[in-house]
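Thanks for making the time this morning. I would like to walk through one model with you, going from a single residue to the sheet and then to the ligand, and I will try to keep each statement to what was computed.

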Amino acid sequence: MSHYLVTGAAGFIGSHLCEALLARGHSVAGLDAFIPYYPRAAKEKNLAGLRAQPRFAFHEADLRTADLAALVAGSEAVFHLAAMPGLMKSWTDFQLYETCNISGTQRLLEAARAARIRQFIHISTSSVYGKEATQGEDAPLQPFSPYGITKLAAEQLCRAYAANFGLPFTILRYFSVYGPRQRPDMGYHKLINDLARGEVFTVFGDGEQTRSNTYVGDAVAAALLAAEKREVALGETFNIGGGEIVTLNRVIGMLEELTGCKARLERQPARPGDQRHTAANTEKARRVLGYNPATSLAAGLQAQVVWQRASG
Ligand SMILES: NC(=O)c1ccc[n+]([C@@H]2O[C@H](COP(=O)([O-])OP(=O)(O)OC[C@H]3O[C@@H](n4cnc5c(N)ncnc54)[C@H](O)[C@@H]3O)[C@@H](O)[C@H]2O)c1
C-alpha cells in the first residue's frame with residue numbers, strides 16, 4: 001500500500017479521488033485552502049466522510065504560501081487537482097487564477113523535485129485546446145479563456161521541470177466532469193436546481209454546443225490508472241472524456257425526463273471564452289492506460305440528480 005498527496009482534496013473531483021485511493025487501501029494526505037470560489041460549507045460536506053477515516057490526514061494549506069516540503073515528503077505520487085476552475089471568473093479575477101494555477105503549481109513542482117517523488121499527476125483540462133477541443137493530444141493548443149491559458153502554463157511548467165530536472169509527470173486533460181458534488185457554478189448543477197425550483201435557466205448560445213461529459217467516477221478511474229500504469233504513463237499527456245457527445249439542448253431534455261419538470265429557459269448570446277464543441281478523442285488513454293469510461297450519461301445524470309435532491 002502506498003501514500004499519496006492529493007491537492008484540491010476538498011473539491012468536487014479531489015474528494016472523490018481521495019475516497020477511491022482509501023478504498024484501495026492506500027493512505028492519503030489531502031491539501032486544500034478552501035478558496036471561496038464557492039462556499040466552504042460545500043467543501044466541508046465533500047470532506048465529511050474522509051475526515052472520519054484513519055488513513056486520511058487533511059491539511060488546510062495554500063499552495064502559494066505553505067511550506068510544501070513536509071507535505072510532499074514520503075508520497076509515492078502527487079495528484080495535483082488544486083486550481084481555480086471555471087471560465088467566467090477568470091476574466092475578472094485573473095490574479096487569483098494566475099497565482100493559484102501557475103505559481104501554486106510551480107511551488108508544488110519545486111517541492112516534488114526536491115523530494116524526488118516517483119510521479120506527478122497533473123490534472124489539466126480540455127480548455128487548453130481552445131474554442132474547439134475535438135482532436136487528439138497533439139492538436140494545436142490555443143486556449144480561448146484566461147482559465148485555459150493558466151492551465152496551459154501549468155502544463156508547460158510540468159514539461160519544463162521534466163526536461164531540466166527529470167521530474168516524472170503525467171498530464172490528464174479532463175473534459176467537462178459531472179456527477180455527485182459537481183461544483184455549484186457548473187451548468188448541470190444549476191440546471192437541476194432550477195428545474196426543481198421552477199426557476200429560469202439561462203442557455204448561453206443556441207444550445208447546440210457539444211460536450212464530452214465525463215462522469216466523475218470515470219475521471220477518478222483515469223487518475224488511478226495513470227498511477228497504476230506509471231511506467232507507460234510517465235512523460236505522457238492523455239485526454240480523458242466520457243464516451244457520449246451530446247448537445248446542451250439534448251441534456252436539457254434528458255434532465256427534464258429524469259426530474260419530471262419542464263425547464264423554463266432564457267436564451268442569451270454565448271459568453272466570452274465559452275467552448276463551442278468538445279469531443280474527447282480518448283484513443284490514446286484507451287490504448288495506453290486501458291481507460292474505458294463505464295458510466296452512461298443517463299446513469300451519471302441520474303446519480304447527480306439523486307445527490308442534489310438529497311443535499312437540498
Ligand atoms: N470540473 C470539471 O469539469 C473539470 C474539467 C477539466 C479539468 N478540471 C480540473 O480538475 C481540477 C479540480 O476541479 P474541480 O471541478 O474539482 O474544482 P473544485 O474547485 O471543486 O476543486 C479545486 C480545489 O482546489 C482548491 N484550491 C485552489 N487553489 C488552491 C491553492 N492555491 N492552494 C490550495 N488549494 C487550492 C480549492 O479550494 C478547491 O477546493 C482542477 O485542476 C480543474 O482545472 C475540472
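Let me begin with Arg 286, which, leaving aside residues up to four places away in sequence, touches Tyr 291 and Asn 292. Please keep in mind throughout that this is a predicted model. Arg 286 sits in helix H11, which covers residues 283-289, and it counts as partly exposed because it has 15 C-beta neighbours inside 10 Å. There is also a relation across the sequence to mention, since Arg 286 and Asn 239 are separated by 47 residues along the chain, while their C-alpha atoms are 9.6 Å apart in space.

That brings me to the sheet. In what order do the strands of the open sheet run? There are seven of them, in the order S3-S2-S1-S4-S5-S7-S12, and the pairing is parallel. At the edges are strand S3, residues 56-60, and strand S12, residues 237-240, each of which pairs on one side only. On average, and ignoring direction, neighbouring strands of this sheet are turned by 20 degrees against each other. As a reminder of the background, strands of a sheet pair through backbone hydrogen bonds, in either a parallel or an antiparallel sense.

I would now like to step through part of that order, beginning with S1 and S4, which run parallel and are joined by four bridges. Here Val 6 stands opposite Phe 79 in S4, and Phe 79 in turn has Ile 121 as its bridge partner in S5. Between S4, residues 77-80, and S5 the pairing is again parallel, over three bridges, and Val 78 has Phe 120 as its bridge partner in S5. Within S4, Ala 77 and Phe 79 point one way, Val 78 and His 80 point the other way, and all of them are buried. That fits the general expectation that side chains in a regular strand alternate between the two faces of the sheet.

Moving along, S5 and S7 pair in the parallel sense over six bridges, and the partner of Phe 120 in S7 is Phe 169. How enclosed is strand S7 by the rest of the structure? Six of the six residues in S7, which spans 169-174, are buried, so this strand is largely enclosed by the rest of the structure. Phe 169, Ile 171 and Arg 173 point one way from S7, whereas Thr 170, Leu 172 and Tyr 174 point the other way. From S7 to S12 there are four bridges, with the two strands running parallel, and Tyr 174 finds its bridge partner in Ile 240 of S12.

Turning to the helices, H5 lies across S1, S4 and S5, and it runs at about 175 degrees to S4. Helix H2, residues 40-51, has Lys 43, Asn 46, Leu 47 and Leu 50 among its residues, and these four are buried. Viewed down the axis of H2, the buried residues fall within an arc of 85 degrees, so they line one face of the helix. On the other side of H2, Ala 41, Glu 44 and Ala 48 are exposed, and the cover over the buried residues of H2 includes H1, S2 and S3.

Two loop residues deserve a careful look at their backbone, given that most residues other than glycine have a negative phi. Phe 34, in the loop between S2 and H2, has a positive phi near 50 degrees. Arg 181, in the loop between strand S8 and helix H7, also has a positive phi, near 75 degrees. Are these two residues buried or partly exposed? Phe 34 counts as partly exposed because it has 17 C-beta neighbours inside 10 Å, whereas Arg 181 is buried, with 23 other C-beta atoms within 10 Å.

Finally, the ligand. Around the ligand there are 30 residues, of which Gly 8, Gly 11, Phe 12, Ala 33 and Ala 83 come nearest. The elements that give two or more residues to this shell are helix H1, strand S2, helix H5 and strand S5, and the largest share, three residues, comes from H1. By character, the shell divides into 18 nonpolar, six polar and six charged residues.

Definitions and conventions: Residues are numbered from 1 along each chain as its sequence is written. This is a predicted model: local features need pLDDT of at least 70, side-chain atom pairs count only at pLDDT 80 or more; totals for chains, interfaces and linings use all residues. A residue is near a molecule or strand if its C-beta atom, placed from the backbone, lies within 6 Å of it. Ala, Val, Leu, Ile, Met, Phe, Trp, Tyr, Cys and Pro count as nonpolar, Asp, Glu, Lys and Arg as charged, and the others, Gly among them, as polar. Two strands pair if DSSP finds at least two bridges between them. Axes are lines fitted to C-alpha atoms, for helices over the stretch in contact, and angles run from 0 to 180 degrees between N-to-C directions. Two residues are in contact if their C-beta atoms, placed from the backbone, lie within 7 Å. A residue is buried if 20 or more other C-beta atoms lie within 10 Å of its own, exposed if 12 or fewer, and partly exposed in between; C-beta atoms are placed from the backbone. The arc is that of the directions from the helix axis to the C-beta atoms.
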